[in-house]
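Here are my notes on this one, set out as numbered points. Have the structure open beside you while you read, and click along as residues come up.

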Amino acid sequence: MRYVEDHRRQTHNRIVENASYGLRLKGTKGLSVVDLMKLAGLTHGGFYNHFDSRAALVGEAIAFAMDQTTERWKKLADGKANGERFEALIADYLSPRHRDNPKHGCALPTLAADVARSSPGEQQALASKLEKMIDVFVELLHGEPPQQARQIATGAIATMVGSIVLSRAVGSGKLSDRILDAGRKTAGGRIRKPQRRTIKAMRCK
């Protein structure tokens with residue numbers, strides 16, 4: 001019985017992992033249940049032994065993909081000095097490598113628009129994992145008040161995702177590279193506080 005349960009869990013995880021790669025390439029509407037099972041080298045006959053619905057698999061696949069991104073960010077941050085972590089994560093995300101490799105990249109640029117038109121379950125799966133991604137950035141902003149840190153983190157991630165979407169949409173040419181560069185500067189610039197100007201009051205005679 002233990003072997004059966006372990007085998008079932010391994011098969012379930014394999015379906016989810018391969019579905020996450022396929023969805024990041026094709027979008028949530030581009031693959032049927034048959035297609036999603038084929039990605040794991042299985043027939044669709046056993047689908048309902050693992051999932052209640054296609055939406056349930058898509059929700060798990062989205063969560064898996066976003067967990068991958070979160071874990072990558074944590075590892076990158078651990079390898080950098082405190083003052084370099086925030087911009088190191090931005091630079092890694094807004095890189096030609098990430099732009100050109102959607103299959104193993106962040107799920108948000110490829111799936112967020114589809115999920116916005118999808119089931120509440122898929123939306124909740126994305127929302128809960130997005131909060132975790134924001135948390136990673138918040139932890140890098142030790143000098144900011146909690147509410148301000150969360151605003152900065154949310155804005156940076158929104159800028160990063162939008163930059164990847166546009167850079168992919170225009171192809172991997174000069175414009176695409178400029179979009180990535182602009183995104184890096186804009187997202188990173190959110191933690192640079194403007195210098196305060198001293199205003200001298202004029203005395204009325």
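1. Start with helix 8 (residues 146-169) and helix 9: their axes come within 9 Å and cross at roughly 175°. That puts helix 8 roughly antiparallel to helix 9, because an angle over 145 degrees counts as such. Do keep in mind as you go that this is a predicted model.

2. Which residues make that contact? On the helix 8 side they are A156, T159, M160, S163, I164, L166 and S167, and they meet S176, I179, L180, G183, T186 and A187 of helix 9. Sorted by class, the contact has seven nonpolar and six polar residues, with no charged ones.

3. L180 is a good residue to click on next. It sits in helix 9 (residues 174-189), and with a relative accessibility of 1% L180 counts as buried. Its C-alpha is 8.5 Å from that of M160, and the two residues are 20 apart in sequence. Setting aside neighbours within four places in sequence, L180 is in contact with S163, I164 and S167, and also with L94, S95, P96 and R99.

4. Stay on helix 9 and look at G188, which lies there too. Is G188 buried or exposed? It counts as buried, at 1% relative accessibility. Its partner to look at is E87: the two are 101 residues apart along the chain, yet their C-alpha atoms are separated by 5.6 Å. Apart from neighbours within four places in sequence, G188 is in contact with E87 and I90.

5. Now for D92, an aspartate in helix 4 (residues 85-93). Its relative accessible area is 15%, so D92 falls under the 20% cut-off and is buried. Leaving out neighbours within four places in sequence, D92 has contacts with R72, L76, R97 and H98.

6. Next, helix 3 and helix 7. Their axes are 8 Å apart and the packing angle is about 5°, and helix 3 and helix 7 are therefore roughly parallel to each other. Helix 3 brings A55, V58, G59, I62, A63, M66, D67, T69, T70, W73 and K74 to this contact, where they meet E122, A125, L126, K129, L130, K132, M133, V136 and F137 of helix 7. By class that gives 12 nonpolar, three polar and five charged residues.

7. T69 deserves a click of its own. It is found in helix 3 (residues 54-78) and is buried, with a relative accessible area of 8%. What does T69 touch, not counting residues up to four places away in sequence? The list is G105, C106 and M133. M133 also appears among the helix 7 residues that meet helix 3.

8. Helix 7 has another neighbour to check. Helix 6 (residues 108-116) and helix 7 (residues 120-138) have axes that come within 9 Å and cross at roughly 140°. Helix 6 and helix 7 are therefore oblique to each other, and their crossing is left-handed. The residues in contact are L108, A112, V115 and A116 from helix 6, with E122, Q123, L126, L130 and M133 from helix 7. Their classes come to seven nonpolar, one polar and one charged.

9. Finally, zoom out. How many helices and strands are there in the protein? There are nine helices and zero strands, so from the N terminus on the elements read α-α-α-α-α-α-α-α-α. The radius of gyration is 21 Å, well over the 17 Å that the globule rule gives for 205 residues, so the protein is more spread out than a compact globule. Along the principal axes, the C-alpha atoms fill a box of roughly 90 × 40 × 35 Å.

10. Two overall values to round this off. Of the 205 residues, 39% are buried. Among contacts with a separation of 6 or more, 67% are between residues 24 or more positions apart.

Conventions:
Residues are numbered from 1 along each chain as its sequence is written. This is a predicted model: local features need pLDDT of at least 70, side-chain atom pairs count only at pLDDT 80 or more; totals for chains, interfaces and linings use all residues. Side-chain values use heavy atoms; hydrogens and water are left out. Axes are lines fitted to C-alpha atoms, for helices over the stretch in contact, and angles run from 0 to 180 degrees between N-to-C directions. Helices (H or I, at least four residues) and strands (E, at least two) are DSSP runs, numbered from the N terminus. Angles under 35 degrees count as roughly parallel, over 145 as roughly antiparallel, 65 to 115 as roughly perpendicular and the rest as oblique. A crossing is left-handed if the near helix is turned anticlockwise from the far one by less than a right angle, and right-handed if clockwise. Contact means heavy atoms within 4.5 Å. Ala, Val, Leu, Ile, Met, Phe, Trp, Tyr, Cys and Pro count as nonpolar, Asp, Glu, Lys and Arg as charged, and the others, Gly among them, as polar. Buried means under 20% relative accessible area, exposed over 50%, partly exposed in between (1.4 Å probe, protein chains only). The radius of gyration is taken over C-alpha atoms; the globule rule is 2.2 Å times the number of residues to the power 0.38.
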